[in-house]
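I opened this notebook to keep track of what I looked up in one structure, entry by entry, beginning with the whole chain and going on to single residues and spaces.

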Amino acid sequence: MALSAYIGCLALLFVIVEGESFSNKTDADPYQRGTKALSVFNVVTFPNVACGASTGYNGTCFTASECTSKGGTASGTCASSFGVCCVFNLACGESTTQNNTYAIISSYSTSSDKDPCSYTICKQNADICKLRIDFDTMVLAGPFTNHILASEGPKLGDCFYDTLTVSNPGGSSPPILCGYNTGQHIFVPASDSCNTINIDIDTGTTTTTRKWQLKVTQYECTNQMAPEQDCLQYFTAQTGTIATFNWDTTATTVADSQVHLSNQYYDICFRRVRSQCSICFSPQVAETAADKASSYGLGSSSDDAAPKNMSEVRVPV
């Protein structure tokens with residue numbers, strides 16, 4: 001009985017206070033009206049924007065329950081600690097619609113990991129036009145390097161052992177990649193039918209320790225950090241280093257085994273910096289000795305069946 005009476009008193013007090021706050025509402029004193037209202041529930045909302053996780057990865061700010069329900073992992077807080085930085089990591093064969101998604105294999109096992117390993121990326125919403133795929137780490141078996149006639153087998157530079165491909169339904173797909181591509185990135189149009197990243201491993205070749213960490217970022221159609229339609233790579237910094245695929249940008253010499261990947265038809269674009277009217281390129285590795293190669297050059301083949309590679313520089317204005 002005492003408990004019931006106590007509860008009844010609490011309920012009465014609640015009604016009286018609420019009633020008092022509303023009975024004093026006047027158009028002449030809106031501030032007083034606001035200060036007398038009893039705030040029973042505070043609903044906190046925040047945008048689901050990118051955030052920096054405590055693990056060093058990029059994530060998306062969600063509530064803890066949202067992060068769990070979407071299959072992410074909470075790593076640090078965001079939105080003044082009202083949210084968690086939710087990191088998404090795909091396993092081989094999985095798909096996602098989440099922005100800032102990772103696909104990580106620190107050391108590929110030919111006996112236990114899936115082959116091929118594929119990841120499917122679908123638009124988060126209809127306003128997504130581009131996907132940026134960053135190869136934070138990307139090490140696969142290198143291309144074919146034997147010098148034989150193209151008519152007799154694989155061509156010099158062919159991704160004969162391992163391949164990385166990205167689908168672009170309804171359009172031209174990026175070139176096939178293999179070898180060392182850590183630090184590289186590509187942009188592809190975001191498809192309504194989703195895009196698939198496929199990594200096919202030659203499980204009979206084990207001399208290379210394959211590993212990768214991919215990060216997929218979704219760009220809205222109005223995002224000015226996204227390139228124009230046909231740029232596979234897009235650079236926005238005033239200075240930096242660019243390289244063809246299968247090139248280690250930390251190298252200080254050009255190895256004799258270094259080859260250009262076959263059939264690399266794509267555009268690298270550079271955003272013009274405000275107030276700048278020219279752009280200058282120089283080889284990262286510049287050699288003067290006759291028997292040493294620099295890190296930039298154009299070559300040809302006497303084998304008519306071999307693939308021909310062209311280079312183009314285009315600066316959007």
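The entries below follow the order in which I looked things up.

**Entry 1, the whole chain.** I noted at the outset that this is a predicted model. I counted the secondary structure of the protein chain and came to three helices and 14 strands. I then looked up burial, and found that buried residues make up 34% of the 317 residues in the chain. For the accessible surface of the protein chain I wrote down about 18,800 Å², with 52% of that area belonging to carbon and sulfur atoms. Turning to contacts between residues at least 6 apart in sequence, I found that 68% of them join residues at least 24 apart.

**Entry 2, aromatic rings.** How many aromatic pairs does the count come to? I arrived at nine aromatic pairs, and took up one of them, Phe62 with Phe88, which is edge-to-face, at 6.3 Å centre to centre and with 90 degrees between the planes. Phe62 lies in strand S2 (residues 58-62) and Phe88 in strand S4 (residues 83-90), so this pair ties together parts that are 26 residues apart in sequence. I also checked the burial of both partners: Phe62 counts as buried at 4% relative accessibility, and Phe88 is buried, with a relative accessible area of 4%. Elsewhere I recorded one aromatic cluster, which is formed by Phe144, Phe160 and Tyr161.

**Entry 3, Tyr234.** I located Tyr234 in strand S13 (residues 233-235), and asked whether this residue is buried or exposed. Tyr234 counts as buried, because its relative accessibility is 10% and the cut-off for buried is under 20%. Leaving aside neighbours within four places in sequence, I listed the contacts of Tyr234, among them Arg132, His185, Phe187, Gln224, Met225, Cys269, Phe270 and Arg271. For Arg271, which is 37 residues from Tyr234 along the chain, I noted a C-alpha separation of 7.3 Å.

**Entry 4, Gln213.** I found Gln213 in strand S12 (residues 211-220), where it counts as buried at 16% relative accessibility. With neighbours within four places in sequence left aside, Gln213 is in contact with Tyr57, with Tyr102, Ala103 and Ile104, and with Asp134, Phe135, Asp136 and Thr137.

**Entry 5, the cavity.** I searched for cavities of 30 Å³ or more and found that the structure holds one; the volume of the largest cavity is about 30 Å³. Which residues line the largest cavity? I listed Leu90, Thr101, Tyr102, Ala103, Tyr119, Ile121, Ile197, Leu214 and Val216. Strand S6 (101-105), strand S7 (117-121) and S12 are the elements that give two or more residues to this lining, and S6 gives the most, with three residues. By class, I divided the lining of the largest cavity into eight nonpolar residues, one polar and no charged.

**Entry 6, the second largest pocket.** I put the space in the second largest pocket at about 270 Å³. This pocket is lined by 17 residues, of which Ser172, Ser173, Pro174, Asp230 and Leu232 are the closest to its centre. Strand S10 (residues 185-189) supplies the largest share of the lining, three residues. I closed the entry with the classes of the lining of the second largest pocket, which has nine nonpolar, five polar and three charged residues.

Terms used. Residues are numbered from 1 along each chain as its sequence is written. This is a predicted model: local features need pLDDT of at least 70, side-chain atom pairs count only at pLDDT 80 or more; totals for chains, interfaces and linings use all residues. Side-chain values use heavy atoms; hydrogens and water are left out. On a 1 Å grid over the protein atoms alone, a cavity is a set of points where a 1.4 Å probe fits but cannot get out, and a pocket is an open set with protein on both sides within 12 Å along at least five of seven lines; lining residues have an atom within 4 Å of a point. Grid points are joined across faces, edges and corners, and a volume is the space filled by probe spheres set on the points. Ala, Val, Leu, Ile, Met, Phe, Trp, Tyr, Cys and Pro count as nonpolar, Asp, Glu, Lys and Arg as charged, and the others, Gly among them, as polar. Buried means under 20% relative accessible area, exposed over 50%, partly exposed in between (1.4 Å probe, protein chains only). Contact means heavy atoms within 4.5 Å. Accessible areas come from the Shrake-Rupley method with a 1.4 Å probe; for residues, only the protein chains shown count as cover. Rings of Phe, Tyr and Trp (its six-membered ring) pair if their centres lie within 6.5 Å; planes under 30 degrees apart count as stacked, over 60 as edge-to-face and the rest as tilted.
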